[in-house]
Amino acid sequence: MGWYADLVRRAPVLNIAADEGEGSVIVLLHGIASSASTFELVIPELRKHHRIIAIELLGFGKSPAPEDCEYTIDEHVAAIAATIRSLHLREPFILVGHSLGSLLAARYAARHPREVSRLVLASPPIYLRPEEIGDPLVRGHVSAYMRAFGFLRENKDFTITTAAKVSDLLKLGATLSITEQNWRAFTLSLQRCIESQTTISDIAEANCPIDVVVGTLDEFVAPGTLDIIGKMRHVTTHRVIANDHVVRRRLAKVILKTIDGDEAHIH
C-alpha cells in the first residue's frame, strides 16, 4: 500500500462545495459529468441533524483538473482521501456516492476501512466484464452498454451537444454537464472507472453496512448485475419505484430514510 499512500500525498485537494450543519458527518460524492448539485434535494434535510460535506470529484465542478491526471479510480480516490484528510475528521463518517461517486465510495471504503461507518450507494453503475457473465441476456445488455460508452467517448461533438440538450430538456442544470473543460476528465473517468471496474470486489472487501438505492427505471443499471452484491450479507438493496438514474424526490426520500430511519419532508 506504499504506492497508494504516496499517491494520496501527491493528490490535489478537491473543492468542498458544501460543509454545513452539525453532528455526525456525512460525506457526499456526486457522479460523472456532474457536481455537488446532484444532492440539492438531500443536503437541506440532512444538515438539520448532521454535518454535511459535499466534495466535487477530480476534474468536475470547481475541483482541479491536473494536466497529467489519468483519472484512474485510484487517482480519484486518492484525491478524495487527501481532501478528507485536510478536514481532520475525528470520527468515522457515512459515505454517500451517486453513480460514479458510488463506485469511488466503495473503493474508498475498501482502502480506508476504519474511516467509513456506513456506505450508501445511489444508482451504482456496476458492471462485470461481458466475458465474465454466464447469462447470455445479461451479457448482451452489458455489451450494449460498453458499445454505447465507447461511442460517447469517440464522438466528442455529438456527446457534448446531446448532453446539453438532455440537460436543458430535463432541467438538470449542473447535474449533467459535459463541456470542453471537463471532456478529458469525462472520457478517462468513463473508460477507467466505469467501463473497467472492480466494484464488486471493493464492496465485498468493505467491512461496513452498505445500502444500495436504485430506481426501477434506472437506464444505467444492467439487469442482473445488482443481484451479485445483493446476496452479500452486509448489503441491503432498496428499489425505488418509477425513479431513473437521477437523485429525484423519490430517490432522495429513500436515501434520507436509509440514513436517518424516517421519511423526510421533501416537497
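Reader: Which residues do ring pairs link into a cluster?
Author: Tyr127, Tyr145 and Phe149. Keep in mind that this is a predicted model.

Reader: How many aromatic pairs does the structure hold?
Author: It holds 7. One of the aromatic pairs is Phe93 with Tyr108. Their ring centres are 6.2 Å apart, and the planes meet at 45 degrees, so the pair is tilted, falling between the cut-offs of 30 and 60 degrees.

Reader: Where do Phe93 and Tyr108 lie?
Author: Phe93 is in strand 4, residues 93-98. Tyr108 is in helix 4, residues 100-111. The two are 15 residues apart in sequence, so the pair ties those parts together.

Reader: Are Phe93 and Tyr108 buried or exposed?
Author: Both are buried. Another tilted aromatic pair is Trp183 with Phe186, at 5.7 Å centre to centre and 40 degrees between the planes.

Reader: Which helix do Trp183 and Phe186 lie in?
Author: Helix 7, residues 183-195. They sit 3 residues apart there, about one turn of the helix. Trp183 and Phe186 are buried too.

Reader: New topic. What lies over the face of Tyr4?
Author: Arg111 does. The distance to the ring centre is 5.0 Å.

Reader: And the surface? Which residues make the nonpolar patch?
Author: Val166, Leu169 and Leu170. The patch covers about 270 Å². Val166 belongs to helix 6, residues 156-169.

Reader: Why does Val166 count as partly exposed?
Author: Because its relative accessible area is 33%, and partly exposed means between 20% and 50%.

Key:
Residues are numbered from 1 along each chain as its sequence is written. This is a predicted model: local features need pLDDT of at least 70, side-chain atom pairs count only at pLDDT 80 or more; totals for chains, interfaces and linings use all residues. Side-chain values use heavy atoms; hydrogens and water are left out. Patches are made of residues with over 30% relative accessible area and no salt bridge: like charges are joined within 9 Å, nonpolar side chains (Val, Leu, Ile, Met, Phe, Trp, Tyr) within 5 Å. Accessible areas come from the Shrake-Rupley method with a 1.4 Å probe; for residues, only the protein chains shown count as cover. A salt bridge is a side-chain nitrogen of Lys or Arg within 4 Å of a carboxyl oxygen of Asp or Glu. Helices (H or I, at least four residues) and strands (E, at least two) are DSSP runs, numbered from the N terminus. Buried means under 20% relative accessible area, exposed over 50%, partly exposed in between (1.4 Å probe, protein chains only). Rings of Phe, Tyr and Trp (its six-membered ring) pair if their centres lie within 6.5 Å; planes under 30 degrees apart count as stacked, over 60 as edge-to-face and the rest as tilted. A charge sits over a ring if NZ of Lys or CZ of Arg is within 6 Å of the ring centre and within 35 degrees of the ring normal.
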